[in-house]
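The following explanation is meant to be read alongside the sequence and the coordinates. Please keep both in view while following the text.

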Amino acid sequence: MTAVATHAGGGLADHVHPEPQGFIRKYVFSIDHKIIGIQYMITAFLFMILGGMLAELIRIQLMKASGGLMTPETYNEVYSVHGSTMVWLVIIPLLTGGFGNLIFPVQIGARDVAFPWLNMLSFWLFPPAGLMLYASFLMGAPTAGWTEYPPMSLLGGAGTSMWAAAIFLIGVSSTMTGINFLVTILKMRAPGMTFTRMPLFVWGQFVTAPLLMIATTALGAALAALFVQRQFGVAFFDPTRGGSPLLWQHMFWFYSHPAVYIMILPAFGMISEILPTFSRKPIFGYKMIAFSSCAIAILGFMVWAHHMFTSGMAPALQLPFMVLTMLIAIPTGVKIFSWVTTLWGGVIHMTTSMLFAIGFLATFTLGGITGVFLAAVPFDLHAHGTYFIVAHLHYVLVGGSLMGILAGLFYWYPKMSGRLMNEKLGKWSFWLFFIGFNGTFLPMHWLGMWGQPRRVAMYDPQFQAWNQVCTYFSFVMTAALILILINALWSMRNGKRSGPNPWNARTLEWQIPSPMPYYNFKHVPSVFAAPYDFAEPLPYRGLEEELTGAPPPVPAAH
Amino acid sequence: MAVASVSHGGYSGAMTEEPDQLYVETRELRIQGFLLFMVSDLVLFSSFIFAYLYLRNSGQGWPAGGPKLDIALAAVNSIVLFGSGATMHFALENWKHRNFTKFANWIVMTIILGAGFLTGQVLEYMHIGARWSSGIFGASFYTLTGMHGLHVFAGIIYLTVLLLQAAQGKYTFTKYTGLTLGTLYWHFVDVIWVVLFSIFYLL
Amino acid sequence: MPENRDPVVHLDRQFWIVTAVLGVLALISILWWVWAPITSIMPEAVDKAQQIDALFRFLAASGTALFIFVCGYIVYFSLAFRRHAGTPENAVGIQIHDNNKLEMWWTIIPTVFVVIMAIFSLRIWAGIEFSPSNTLVVEAIGHQWYYTFRYPNVNGEVKEMHLPLGQAITLHVTSSDVIHSFWIPAMRLKADMVPGLINTFEFTPTRPGRYEIICTEFCGTLHGEMHSGTTQNPAYVYIDPPAQYASWYARTEREQIQASNAISAPLSPNQLNLSRGDAGAGAKLFAAKCSACHAVGPFDQKIVGPGLKGVLDDPAHPQLVDGDKATPENVAKILQNGFKGSMGEMPTQAGNGLNNKDIVNLVAYLKTLK
Ligand code: HEA
Ligand code: HEA
Ligand code: CUA
Ligand SMILES: [Cu+2]
């Protein structure tokens, strides 16, 4: 382990400290973006198991129309913490802190993020926040859903304040991550890595970072207001003292709508890496995909009130929100069509990762289309607050974000461990997951249309049969996820060795050894073309020694 | 990075180490990161400003004829705060002109003015009479000005630390990113106050 | 990327066959949505339900058709361009990067869909939001965890909702505690019931029958019981033919008067012993019965009615809204008779379900608001 410390006259790119020794500095309070990325992933997957267990509790409760497993009070706590966990402790940390940290700095040819210490701090805010959220079960967890609308959230137990504090911490952590990533991408790209040569995963992170920075801060304000109202009686949301419950809804959704794009844009980026690699084809319409991400991010700030069509805003306001929301289908459609075109004429390697990516295309499209239905106010008047919403949100979040994450897990696993995950088991788990997922959430569309409201611990007996279908399929999905977990754990020691580039991929992270070495590159490479020309030689210079194990270059004397 | 070793009071040639490329690039990163931090801080204020305007215009429960704010006091206070922005500017300029003594004087001046502003705020709070928990005026006014006050308070501590660090030789006359950031921060707090003053006292 | 280097490609016959098949499937799905028996599962009880269903059929048809094409091509390409066992390891696909014409189409297609969907939605939306006047105004109030209703000229809150067939209705919804929601699936309409805010929607019942009302906004422990399926207070709306409605209305009007008489015959304010009230009990009553409309703030702090701080104690507020002097007797009079003025309508003693003692206690409490 001889990364040479050089304080020679070069800039940041040559600024290399010796690799830290000792377990604590190396794996616990590490400032290495790759270790931090893995820390994020492990923590988030642990929370995913918790959140998934809560989801199964929900499904078991709903096996019977009269409930039976839990009291309504407990049930309310369970889905509130389920939603909060999955959004804030699983999907967002995995996509930004996890895969973002692990991959994108390497893809732009940087040796670390701009502020490694800040990065470490961001991570270390995350586990305490998660523990706080779960500790709230001890004192009456929040019950009003992940959206915590007042006045209900003002009446809840002390756990609701804990919830607010926990999510606030996560928000601070996300804001810092956003700043960090943005500066890194703006300032630390390798020579020649122009914006139009950046891999699309980097584009995903690049448009997500400002969302993280701006939207999470707005959420912080809303949470702070809720907290001080609960603790000090400040009257923001109290109608009897001039406050307004709708104010919370505005403040919350102003964050939370952009937040749903935080949860999908990086996944779009992953898909944009995986599809070309396994089709052996350049991604179709690189510029349109990159540009449409920006369009989505900008439009994403202008549509928040589509969650509030029924809550009493002026009809004149419904109109722009309806139209702007529908507009988002255009840039998203451009992406979907470009991805499908990428498949055309390829030489498609059906790896597990590719299966998940293709599955993503299908299920996310369905979820997106139901989203456009909901944007139509008259239809939303019927569907709001029902299982139709639950179906939409799981199709985009599980069928979109989570499928993207699983595709990414199989794809980038070698970069973490130096080994491949088991493909055979992987394909089995894909099909189980795909079937289980659709079986769980597809029926919820008509359940909602027919009149089953969301957030209920018991329901009309006429819906029982379909709810049981949902529950049984959710067991299938759980089995699939457990298989993936086993696969990941088992492959850590027993997987096939991958070598640096098992998929013949062309972005920079595949041109260095797996697992990726401390400080990533011996030489910072220079880049002279976009990364997706599978028929061309690699467009990088300066990586010649990277894989040969030759001694690191001696920096020119200064 | 060699820290310029400076003997007491000897702020002269020893402190003019030439900036290398590492310094230049790091300085750029830190300034950009800091600007982005201020953007997100601005979002925090904007959210509460939105809340204030929303509550005020939703027609429910805003005190008739407006609350009893002392615009004269606030105006004086604003001048104090803007003055401190000017003194901070002079401080940094003097550092750039390699005059430590003047730098230190100006920064002390800034801290005093900042403290003066906080005192003025406390006076205003005492004379308004409303409480944080009494109605939505209290909620908006005390939350926003309180947050701003905390920013000023943090700024005073920040500037004090910078002064001490400078005295210990942490910065040189050619490498002083920390001081630049401190100045940026202080100006940012000033600008926020302009907005708060206009929406509470002039609107 | 150098576009001119991209190979020229042609689509083969297989592609067009698949496209044709997908087209047929899409057409079938569109026909299915046109004829789908929605109303046999969910009857359409009001005029607007028909409009919303029309919109849904349209959205569902275009959405399904789009989905069939996207998914169909995904499956077809995945199978057709799969790497075969014999393909060399380093084989690459057709190296196309961009194609301006195709990309233009990829933008135009969703744009066209969005424009059509938006226009259709807007038309239906305009039909739903802007409706005829000359309506019967009914008020629905959400409580934890049941609904009550107010009718013009009927004292107090009634437990059942009846609507006359064919008469245009304006429904005002609000809440006495937390946010609820008022949804009748058979009407395809819903509005949140927000404390301190009145939401409105309008419709004309077109089909007699009994339809359930469902709360879709989380409102506390028994939110899940706030509908007809499991609750002790089944929530239904009855749409009655006009004659039947008229008789229900007459009966209810009578019963409600009797009910309020049963509470106790209203005494004239002078007969009430206004000095003997219990302010503590009054405060509790106020929180339960009045705070939905009144703040304990200054007069201009309006929720539905005015703020009540200093009604009896503020020299700057010598007169009540009805022009009488602010004395305990006159306040009691407002509590008994209600008042209709510029701000809105304050219900009567019976409307609020108060007995004489309650009024005495409330006045005692109002006196303490200084
Ligand atoms: C990304 C977010 C996300 C994810 C992944 C999920 C996953 C699931 N969700 Fe959830 N859900 C939400 C976000 C999410 N949900 C939100 C935001 C709400 C709204 C809450 C509210 O109303 O406030 C909600 C609400 C919600 C409801 C409605 C509750 C109600 O309104 O009453 C239901 C009901 O069925 C449900 C079910 C499920 C199920 C069965 C899964 C399953 O997919 C879960 C399967 C997962 C597991 C069982 C975990 C096991 C995994 C392992 C053991 C291995 C993991 C490790 C590796 C992969 C390496 N969810
Ligand atoms: C990853 C998360 C994610 C994503 C990406 C989206 C994407 C979209 N969402 Fe969704 N949404 C949620 C997560 C997400 N949503 C959650 C969690 C909730 C519930 C919150 C709660 O209350 O608990 C919600 C709720 C929600 C509502 C509120 C419903 C209600 O409560 O009444 C609405 C209404 O407009 C909506 C709309 C949309 C739209 C238009 C998109 C668009 O971005 C979709 C665009 C994509 C496509 C359209 C598909 C691909 C395009 C084509 C194939 C081109 C052609 C297509 C057409 C022209 C239709 N969403
Ligand atoms: Cu009332 Cu939910
Ligand atoms: Cu949204």
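**Metal sites, helix packing and domains**

A:His307 has a relative accessible area of 22%, which makes this residue partly exposed. The model is a predicted one, and the description begins at this histidine since A:His307 is among the residues that coordinate the copper ion (ligand 4).

Which atoms hold the copper ion (ligand 4)? The donors are ND1 of A:His257, NE2 of A:His306 and NE2 of A:His307, at 1.9 to 2.1 Å. Along the sequence, these donor residues follow the spacing H-x48-H-H. A:His257 belongs to helix H8 (residues 245-262) of chain A, while A:His307 sits in the loop between helix H10 (286-299) and helix H11 (315-327) of chain A; the pair therefore ties together parts that are 50 residues apart in sequence. Is A:His257 buried or exposed? With a relative accessibility of 4%, A:His257 counts as buried, because the cut-off for buried is under 20% relative accessible area. A:His307, at 22%, is partly exposed.

The copper site has a metal neighbour: the iron atom of ligand 2 and the copper ion (ligand 4) are separated by 4.6 Å. How many donors does the protein supply to the iron atom of ligand 2? There is a single one, NE2 of A:His392, at 2.2 Å. A:His392 is located in helix H15 (residues 387-417) of chain A.

From the metals, the account turns to helix packing. Two packed helices are described by the angle between their axes and the distance between the axes. In chain A, helix H2 (residues 33-61) and helix H3 (residues 72-107) have axes that come within 7 Å and cross at roughly 155°. Angles over 145 degrees count as roughly antiparallel, and H2(A) and H3(A) are therefore roughly antiparallel to each other. Their contact comprises 25 nonpolar, 10 polar and 1 charged residues. The handedness of the crossing of H2(A) and H3(A) is left-handed.

Chain B contains 5 helices and 0 strands, and its pattern read along the sequence is α-α-α-α-α. Of the 203 residues in chain B, 49% are buried. Within this chain, helix H2 (residues 71-96) and helix H3 (residues 100-128) pack at an angle of about 165°, and their axes are 8 Å apart. H2(B) and H3(B) are therefore roughly antiparallel to each other. The crossing of H2(B) and H3(B) is left-handed. Sorted by class, the contact of H2(B) with H3(B) has 15 nonpolar, 10 polar and 2 charged residues.

One residue of helix H3 of chain B can be followed further: B:Ala104 is placed in that helix. Its relative accessible area of 14% makes B:Ala104 buried. Between the C-alpha atoms of B:Ala104 and B:Tyr52 the separation is 39 Å, and these residues are 52 residues apart along the chain.

Chain C is described here by its domains. Where do the bounds of these domains fall? Domain 1 covers 13-80 + 99-129, domain 2 covers 136-264 and domain 3 covers 269-368. Domain 1 of chain C is thus written as two segments. The centres of domain 1 of chain C and domain 3 of chain C, taken over C-alpha atoms, are 57 Å apart.

Technical notes:
Residues numbered from 1 in each chain as written. Chains lettered and ligands numbered in written order. Predicted model: local features only at pLDDT ≥ 70, side-chain atom pairs only at ≥ 80, totals over all residues. Heavy atoms only, no water. Domains from an automatic or database assignment. Axes fitted to C-alpha atoms, helices over the stretch in contact; angles between N-to-C directions. Helix = DSSP H or I, 4+ residues; strand = E, 2+ residues; numbered from the N terminus. Parallel < 35°, antiparallel > 145°, perpendicular 65-115°, else oblique. Left-handed = near helix turned anticlockwise from the far one by under 90°. Nonpolar A, V, L, I, M, F, W, Y, C, P; charged D, E, K, R; others polar. Donors = N, O, S within 2.8 Å, 3.2 Å for Na, K, Ca; no water. Buried < 20%, exposed > 50% of the residue type's maximum accessible area, 1.4 Å probe, protein only.
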